[in-house]
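Visitor: I am new to reading protein models and would like to take a close look at a single part. Could you choose one residue, stay with it for a while, and then show me how the rest of the chain fits around it?

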Amino acid sequence: MAITLKKGSSFNLSKNEPGLKKLMIGLGWEFSSTTMLDLDASAFMLKANGKIPDDAFFVFYNNLKSPDESLQHMGDNRTGKGDGDDELILANLTLVDPQVTEIAIVVTIHEAAVRRQNFGLLKDSYIRIFDVETEREILRYDLDAEFGKNTEVEFGRLQKIEGDWRFFASGIGTNIGLEGLVNMFVE
């Protein structure tokens, strides 16, 4: 049975899942209205200073693989139709570049400002992590309705602390757009 996290809580993957090397980060959501949204999952691979080492460490629909090959975005789902995960990011923790200490997982709404869309048009948003080898769900973080006016949300972060990989359920909403996020994480 998967561990359910609340905002601000964390889970030590290395300690509680010894031997875990490859994990899949699944992001899912459903629409609460007939309006279709194009949501995009992205990952920012960050150094200790909170910045990406290079633009190639920003993994998203136009850069599907990190330079160290530790992260691979599995493709853009433009409709979000269907059950289960809408976008997936594969992570091989053994390959993560040593200068990377955190991986921020964010979801943005494509052209949110132009289309006047926000997370209030969604329901049942979540991030989950599962073991690639066993396909067993390890943890889940369900977002609640607090992001109704936001156009992007940082769902969580994989953090390397004292050699252990942990997942932190950050749940931070903003209205700065994908470009604003990129500017925040670039030196």
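**A close look at Tyr141**

Guide: Tyr141 is buried, with a relative accessible area of 3%, and it counts as buried because that value falls under 20%. Before we go further, please keep in mind that this is a predicted model, in which the protein chain has an average pLDDT of 87 and 92% of the residues score at least 70.

Tyr141 belongs to strand β10, and if we set aside the residues up to four places away in sequence, Tyr141 touches Leu5, Lys6, Lys7, Ser125, Tyr126, Ile127, Phe155, Ala169, Ser170 and Gly171. Not every residue is within reach of Tyr141, however: Leu20, which is 121 residues away along the chain, has its C-alpha atom 19 Å from that of Tyr141.

Just before the strand that holds Tyr141 comes a loop, which runs between β9 (122–131) and β10 (137–142) and contains Glu135. Glu135 has a positive phi of about 60°, although it is not a glycine, and this deserves a second glance because most residues other than glycine have a negative phi. In contrast to the buried Tyr141, Glu135 is exposed, with a relative accessible area of 65%. Further along the chain, Glu162 also has a positive phi, here of about 50°, without being a glycine. Glu162 sits in the loop between β11 (152–161) and β12 (164–168), and Glu162 is exposed as well, with a relative accessible area of 78%.

For another buried residue we can turn to His73, whose place is in strand β6 (residues 71–73) and whose relative accessible area is 1%. A polar atom of the His73 side chain lies 3.0 Å from the backbone oxygen of Ala41. Ala41 also appears among the residues that His73 touches, and the others are Val59, Phe60, Tyr61, Leu64, Glu87, Leu88 and Ile89, again not counting residues up to four places away in sequence.

The nonpolar interior gives us one more place to look, since the largest nonpolar core has 51 residues, and the members that touch the most other members are Ile103 and Leu158. Leaving aside its neighbours within four places in sequence, Ile103 is in contact with Ala43, Phe44, Met45, Leu71, Val96, Gly156, Arg157, Leu158 and Trp165, so the list for Ile103 includes Leu158 itself.

Stepping back to the whole, we find that the protein chain has three helices and 13 strands, and that buried residues make up 49% of its 187 residues. Among the contacts between residues at least 6 apart in sequence, 70% join residues that are at least 24 apart. The C-alpha trace spans about 45 × 40 × 25 Å along its principal axes, and the radius of gyration is 15 Å, which agrees with the value near 16 Å that a compact globule of 187 residues would have. On the outside, the protein chain exposes about 9,100 Å², of which carbon and sulfur atoms supply 48%. Confidence varies along the chain as well, being lowest in helix α2 (residues 112–115), with a mean of 82, and highest in strand β5 (residues 58–59), at 97.

Key: Residues are numbered from 1 along each chain as its sequence is written. This is a predicted model: local features need pLDDT of at least 70, side-chain atom pairs count only at pLDDT 80 or more; totals for chains, interfaces and linings use all residues. Side-chain values use heavy atoms; hydrogens and water are left out. A nonpolar core is a set of buried Ala, Val, Leu, Ile, Met, Phe, Trp, Tyr and Cys residues joined through side-chain atoms within 4.5 Å. Buried means under 20% relative accessible area, exposed over 50%, partly exposed in between (1.4 Å probe, protein chains only). Contact means heavy atoms within 4.5 Å. Helices (H or I, at least four residues) and strands (E, at least two) are DSSP runs, numbered from the N terminus. pLDDT is the predictor's confidence in each residue, from 0 to 100. The radius of gyration is taken over C-alpha atoms; the globule rule is 2.2 Å times the number of residues to the power 0.38. Accessible areas come from the Shrake-Rupley method with a 1.4 Å probe; for residues, only the protein chains shown count as cover. A polar contact is a pair of N or O atoms within 3.5 Å; within protein, one must be able to donate a hydrogen and the other to accept it, and residues adjacent in sequence count only if both atoms are side-chain atoms.
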